[in-house]
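Student: I have a new structure to get to know. Can we go through it together, with reasons for each label?

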Amino acid sequence: LKIRFYDIRGSISTEMKNAGVDYMVRRYVTGHVVTREIMEVYESQDRLHDHMRRYFLMIQPLLTAIIARAATLGIK
């Protein structure tokens, strides 16, 4: 597993944002000297992961029902 500094910085930035830490404090602590848009790129990765997790939780019952129906019909 290869972890880069930027991966850690993005995770820390996201955690601080989720905890309600002010933008300027997050920028200072993580060493960002760039625009807000760049920080949002780092911080948005966690939102995507959360959306995907919720999607798979929602679709799991549907997939289970499809598998059960296929088994009932003798479809593998």
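Tutor: Sure, let's take your questions one by one, bearing in mind that this is a predicted model.

Student: What makes up the chain, helices or strands?

Tutor: The chain has 3 helices and 0 strands. Read from the N terminus, the order of elements is α-α-α.

Student: How do you know how confident the predictor is about the chain?

Tutor: Look at pLDDT, which goes from 0 to 100. The chain has a mean of 77, and 71% of its residues reach 70 or more. Helix 2 has the highest confidence, at 78, while helix 3 (residues 36-72) has the lowest, at a mean of 76. A word of caution: where pLDDT is low, the predicted coordinates should not be read in detail.

Student: Why is threonine 14 called buried?

Tutor: Buried means under 20% relative accessible area. Threonine 14 comes in at 7%, so the label buried fits. You'll find threonine 14 in helix 1 (residues 5-18).

Student: And why is valine 25 called partly exposed?

Tutor: Same approach, next value. Partly exposed sits between the two cut-offs, under 20% for buried and over 50% for exposed. Valine 25 has a relative accessible area of 41%, so partly exposed is the right label. Valine 25 belongs to helix 2 (residues 23-30).

Student: How far apart in space are valine 25 and serine 13?

Tutor: C-alpha to C-alpha, valine 25 and serine 13 are 9.9 Å apart, with their positions 12 residues apart in sequence. For threonine 14 and arginine 26, also 12 residues apart in sequence, the C-alpha distance is 9.0 Å.

Student: Which residues of helix 2 are buried?

Tutor: Tyr23, Arg26 and Thr30 are the buried residues of helix 2.

Student: What makes you say that they line one face of the helix?

Tutor: Look down the axis of helix 2: its buried residues fall within an arc of 65°, so they line one face. Tyr28 and Val29, on the other side of helix 2, are exposed. Just after helix 2, glycine 31 has a positive phi of about 80°.

Student: How much of the chain is buried overall?

Tutor: Of the 76 residues in the chain, 18% are buried. The chain exposes about 6,400 Å², and carbon and sulfur atoms supply 65% of that area.

Student: What share of the contacts with a separation of 6 or more comes from residues 24 or more positions apart?

Tutor: That share is 33% in this chain.

Note on methods. Residues are numbered from 1 along each chain as its sequence is written. This is a predicted model: local features need pLDDT of at least 70, side-chain atom pairs count only at pLDDT 80 or more; totals for chains, interfaces and linings use all residues. Side-chain values use heavy atoms; hydrogens and water are left out. Helices (H or I, at least four residues) and strands (E, at least two) are DSSP runs, numbered from the N terminus. Buried means under 20% relative accessible area, exposed over 50%, partly exposed in between (1.4 Å probe, protein chains only). Contact means heavy atoms within 4.5 Å. Accessible areas come from the Shrake-Rupley method with a 1.4 Å probe; for residues, only the protein chains shown count as cover. pLDDT is the predictor's confidence in each residue, from 0 to 100. The arc is that of the directions from the helix axis to the C-beta atoms.
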